[in-house]
Amino acid sequence: MAKIALLVSNGSYDDPRLHNLPSSIPDATRFAKLLKKPELGGFDTRIVNDASLISVQRSIHDMLSQANADDLVIIYFSGHGLKDLFGRFYLALPETDLSALPATALSGRYIREQINDAAVRKIVIVLDSCFSGAFGRDLIAKSVVISDGTPDEFAEGTGHAILAASSPIQYALEDGSGPAPTSVFTRAICDGISTGAADVDGDGWISLNDLFEYSAKEVNERYPLQTPQMSCFGLDRDLRLLRAPTLPRNCSELGVDVEEALKSDHTELRMAAVTVLGRITHSSNKERASAALRVLRKARGDYHPAVAESIARYIASAPKTPRRTASIRSSNEKRVHGTRWLEVNGAQLARAAQSAATFTNGNFEQLNAVHFDAKPGTLTIWATDRYRVDVWSIPTLAGGEAFSLSIFAPEIYSLKIFNQKERVRMEAGEIFTEFDSEGKMISLGCTEFGNLPDYERLIRSNYATHVRVARASLLDAIERTVNQSSAKNTPIVLDLGSDGRSEIGIRFPIDRKPLKVVSVEHSGNETSIGLSPVFALAALSSFSDKVVDLSVSEPGKPLLLTAEYDPVHRHILMPVRLAEFERAT
C-alpha cells in the first residue's frame with residue numbers, strides 16, 4: 001500500500017479582481033514536509049504551484065488513475081474558492097478569468113469525476129479556500145469492500161472524505177498578524193501534526209476524525225466566523241493518516257492508578273492515593289496541581305475518618321490563590337481625575353496583571369511590584385524577579401497621555417473583579433490608581449520607580465533557534481524528568497533540536513543522553529539551555545494555548561516563550577550557568 005499526496009497551491013492571479021495570496025505556497029510547502037517525514041506519514045508528495053488549468057487537471061488525473069485500490073491518497077488545494085451564479089464550486093488558478101469560470105478555473109465537478117472514476121478507495125481532500133464546504137454537495141459515493149491484503153493499521157475505512165476550511169457560504173481567513181501571512185485552517189492542521197496535539201484520542205495516531213476535530217476547534221475558537229466542515233462518503237470507519245510525533249498527555253492528568261486507588265474499598269489504598277494527590281497540589285505545574293485539588297475536594301465525603309481527615313489536611317495546606325484585598329466602591333467615589341487614563345478589555349487586564357504578579361520577588365521593593373507602561377495604543381504590564389520576566393502588551397480601546405507606574409503585587413489580585421468586563425477605565429494619579437467599570441471601582445496604591453531594569457533589551461528581533469511544541473507534552477516531560485531526582489532544584493537542560501532531529505531532549509547536566517524526549521517543529525540551529533525546572537514549569541503554566549514557541553538567540557542567552565494565538569503575552573527565562581554542574585561529571 002502506497003501513501004501519495006498531491007498539493008496544489010495558487011498564490012498569484014492574472015485577474016486584477018483576485019488578490020494574491022502570499023500564504024498559499026508556504027502553507028502547502030509546510031504541509032508537504034510534514035506528510036513526507038518518514039516518522040509521521042512517509043507520503044510520496046508532489047507540489048504544484050501556480051500552474052495552468054491543463055497542468056493541474058493532468059496532475060490530478062495521473063495520480064488518481066495510477067493509484068491502486070489499497071493506497072491512501074491526500075489531495076490538498078490552497079487558493080481562492082469561487083462560486084458561479086448557479087452555486088457551482090471552482091478553484092481559481094493564475095489564468096482564471098472571473099467572467100469565464102467554467103473555461104478558466106478548476107471545477108469541483110472535474111475533481112468529483114476523477115475521484116469517482118478512480119480505483120483507489122481511500123481519498124482525503126483538504127480544501128483551504130472560501131466556500132469550500134460547497135464542494136461536498138452532490139458527490140456520488142461508491143460501494144467499496146476492504147481487501148484482505150490491507151494492513152490492519154490502515155484498514156479503518158474506505159471511500160473518500162473532504163476537509164473544508166469553511167462552510168458553503170463562508171470565507172476562509174488568512175491571518176496577517178504575524179511576520180508572514182498564513183492560512184488559519186492550514187496552520188491549525190500543521191500545528192496539530194507537528195506537535196502531536198492533533199492526536200485527540202491519544203492512541204499514537206492522527207486519524208481523519210482527530211485532524212478534523214482538532215483543526216475545527218482551533219479555528220472556531222480563534223475565528224468564530226469561520227467554521228470548518230467535514231463530509232464523508234463511503235467511509236465506514238475512521239482513517240489513520242499519520243503517526244503522532246508524540247503522545248500528548250493532558251498536563252492535568254493524574255494517572256489511572258491514582259484514580260482507581262481512590263475508588264478502592266481498601267482504606268490503605270485510598271489513603272495512599274490521597275497522599276499522592278496531596279503532594280501534587282504543591283506541584284509547580286499549576287494545572288496539574290489544580291486538578292489534584294479538585295479531586296481531593298470531591299473526595300471529602302470519604303466514610304473512613306482517617307481518610308477524611310487526611311483529605312481535609314491536604315486541602316487546607318494546598319497553595320491558595322491570593323484573594324482580593326481592595327474594597328469595591330461606587331464609581332461616584334472617584335478621586336482621580338486627570339489626563340493620564342486609558343481603557344482596556346477587562347478580561348485581558350485581569351489575566352495579565354494576575355499572571356505578572358506571580359513572577360515578582362518580595363525581597364526587593366522594585367521587584368515586588370507589577371509595572372504598567374501606557375503608550376498610545378498599548379498598555380504593557382510586566383514584572384520580574386531577576387530570573388524571569390513576564391510581559392503582556394494589551395491593545396488600548398481609548399486613552400489620554402502616556403504614563404508609567406507600579407502597583408505592589410499583593411494588591412494586583414483585586415483586579416480579578418473585572419474578569420468578565422468588556423471595558424475597564426484606568427486613571428493614574430500620584431498616589432492612587434483607580435480602575436472602574438459599569439459603576440464599580442477599586443482604588444490601588446501606586447508608585448513610580450525611576451530605575452527599573454530594561455527588559456526590552458533581552459528580546460531580540462532575530463533568533464537562531466526556534467521550536468514549536470505542544471505545551472501539555474513539554475509540561476508533562478519536564479515534570480517527569482524532575483521527579484527522577486531527589487533534589488527538586490537541580491537544573492535541567494533542554495537540548496533544542498536534539499541529535500539533529502525535531503525534538504527537545506530533557507536531561508540533567510550530568511547526563512549525556514536525554515531522559516525524556518518531546519517532538520517539536522524545529523528550525524535554525526541546535527542548541528542547549530540550562531533552566532530552573534520550577535521556573536520553566538511556571539512559565540509554561542502561565543500560557544493557555546495548546547502550542548507554544550521557544551526561541552534562543554545564541555547559547556547562554558535568555559529563552560523567549562511566546563504563543564502564536566496569544567500575541568499579547570511573552571515570557572523571558574534566564575538561563576542557568578551549567579559549567580559548575582558539568583565539571584562535577
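In this predicted model, helix α5 (residues 184–195) and helix α6 (residues 208–222) have axes that come within 9 Å and cross at roughly 130°. Angles over 145 degrees count as roughly antiparallel, and those between 115 and 145 fall among the oblique ones. The angle therefore makes α5 oblique to α6. Their crossing is right-handed. On the α5 side, the contact is made by Val184, Phe185, Ala188, Ile189, Asp191, Gly192 and Ile193. On the α6 side, Leu211, Tyr214, Ser215, Glu218 and Val219 take part. Sorted by class, the residues of this contact are eight nonpolar, two polar and two charged.

A second helix pair is formed by α8 (residues 267–280) and α9 (residues 286–298), with axes that come within 8 Å and cross at roughly 140°. This angle makes α8 oblique to α9. Here the crossing is left-handed. Val274, Leu277, Gly278 and Ile280 of α8 meet Arg288, Ala289, Ala292, Val295 and Leu296 of α9. Seven nonpolar residues, one polar and one charged make up the contact of α8 with α9.

The third pair is α13 and α14, which pack at an angle of about 160° with their axes 10 Å apart. Because of this angle, α13 is roughly antiparallel to α14. The two helices make a left-handed crossing. From α13, the contact takes in Arg471, Leu474, Leu475, Ile478, Glu479 and Val482. From α14 come Pro533, Ala536, Leu537, Leu540 and Ser541. The contact of α13 with α14 has eight nonpolar residues, one polar and two charged.

The table sets out the contact classes of the three pairs.

| Helix pair | Nonpolar | Polar | Charged |
|---|---|---|---|
| α5 and α6 | eight residues | two residues | two residues |
| α8 and α9 | seven residues | one residue | one residue |
| α13 and α14 | eight residues | one residue | two residues |

The next topic is empty space inside the model. Rolling a probe the size of a water molecule over the atoms shows where such space is left. The structure holds three cavities of 30 Å³ or more. The largest cavity contains about 40 Å³ of space. Its lining consists of Leu474, Ile478, Leu494, Leu531, Ala536, Leu540, Leu550, Leu559, Leu561 and Leu573. Two or more of these lining residues come from each of α13 (471–482), α14 (533–541) and β31 (559–562). By class, the lining has ten nonpolar residues, with no polar and no charged ones.

Some residues appear in both settings. Leu474 and Ile478 of α13, with Ala536 and Leu540 of α14, belong to the contact between these helices and also line the largest cavity.

Methods:
Residues are numbered from 1 along each chain as its sequence is written. This is a predicted model: local features need pLDDT of at least 70, side-chain atom pairs count only at pLDDT 80 or more; totals for chains, interfaces and linings use all residues. Side-chain values use heavy atoms; hydrogens and water are left out. Axes are lines fitted to C-alpha atoms, for helices over the stretch in contact, and angles run from 0 to 180 degrees between N-to-C directions. Helices (H or I, at least four residues) and strands (E, at least two) are DSSP runs, numbered from the N terminus. Angles under 35 degrees count as roughly parallel, over 145 as roughly antiparallel, 65 to 115 as roughly perpendicular and the rest as oblique. A crossing is left-handed if the near helix is turned anticlockwise from the far one by less than a right angle, and right-handed if clockwise. Contact means heavy atoms within 4.5 Å. Ala, Val, Leu, Ile, Met, Phe, Trp, Tyr, Cys and Pro count as nonpolar, Asp, Glu, Lys and Arg as charged, and the others, Gly among them, as polar. On a 1 Å grid over the protein atoms alone, a cavity is a set of points where a 1.4 Å probe fits but cannot get out, and a pocket is an open set with protein on both sides within 12 Å along at least five of seven lines; lining residues have an atom within 4 Å of a point. Grid points are joined across faces, edges and corners, and a volume is the space filled by probe spheres set on the points.
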